[in-house]
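Colleague: Hi! Could you walk me through this model when you have a minute?
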Amino acid sequence: MARMELTKKGHACVRLTKDGRTLVIDPGAFSEEDAAAGADAVLITHEHPDHFDEGRLRAALDGSPGAGIWAPSGVAEKLTAAFPGRVHTVGQGDAFSAAGFEVEAHGELHAVIHPDLPRVQNVGFVVDGALFHPGDALTVPGRPVSVLMLPLHAPWSKFSEVLDYVREVAPDRAYAVHDGLLSEAGLAVYGRNLGPQGPGTGPTTYARLTPGDSVAV
């Protein structure tokens, strides 16, 4: 299977390219404005605005008539009428092809922020058997992956859970996502604690890509 290029597009969003085709995951309001532009396929993990910016996504779909979107029902129902035949509802256990990428759906619910706040659907995606983006949950995919997109910081998490999650999934590499609420000082603290100066991630190599940075997967 051809290797992918992974590009960070701010906060929770990444672009994956392979064989001239592009798949985008979670182009939300904290992502770069062009995050979904030109995409052949878009995956949305859940409906929160930092992962799903409806206006930007509609503009991207209008600009790419062949592009499709795969998302849980809370997102899909907002777009189906405007883009018939291009919006696909997915959930735990589904497997599908999207613009030449092979995708598996893992997980069902967003992590608990507070018992007073309702939990929404959240679906993580394994792409080409290599990369896992869990959205806003610490879902363990139940299969080996070489690259984990690691939700670094959120109202629903604490550092000990983040570190234990990396250790449980045990990828070769973990790259930070969901880092848009952290200052440079905060990013440095997380980087230190996930690196050799802190408890560490075991055999997993941790790194943070700044928006626009790319690596091969």
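Modeller: Sure, let's begin at α4, where E184 and A185 are exposed on one side; exposed means over 50% relative accessible area, buried under 20%, and partly exposed in between, with a 1.4 Å probe and protein chains only. This is a predicted model, with local features needing pLDDT of at least 70 and side-chain atom pairs 80 or more, while totals for chains, interfaces and linings use all residues. Numbering runs from 1 along each chain as its sequence is written, and side-chain values use heavy atoms, without hydrogens and water.

Colleague: Which residues of α4 are buried?

Modeller: In α4 (residues 184–194), those are G186, L187, Y190 and L194. They sit on the same side of α4, because their arc around the axis is only 100 degrees, taken from the directions from the helix axis to the C-beta atoms.

Colleague: And what do the buried residues of α4 pack against?

Modeller: Their partners are β11 (147–151), α3 (159–169) and β13 (205–207), with contact meaning heavy atoms within 4.5 Å.

Colleague: New topic: how many helices and strands does the protein have?

Modeller: Four helices and 14 strands. These are DSSP runs, H or I of at least four residues for helices and E of at least two for strands, numbered from the N terminus.

Colleague: What share of the protein's residues is buried?

Modeller: Of its 217 residues, 53% count as buried.

Colleague: And what are its spans along the principal axes?

Modeller: The C-alpha trace spans about 50 × 45 × 30 Å.
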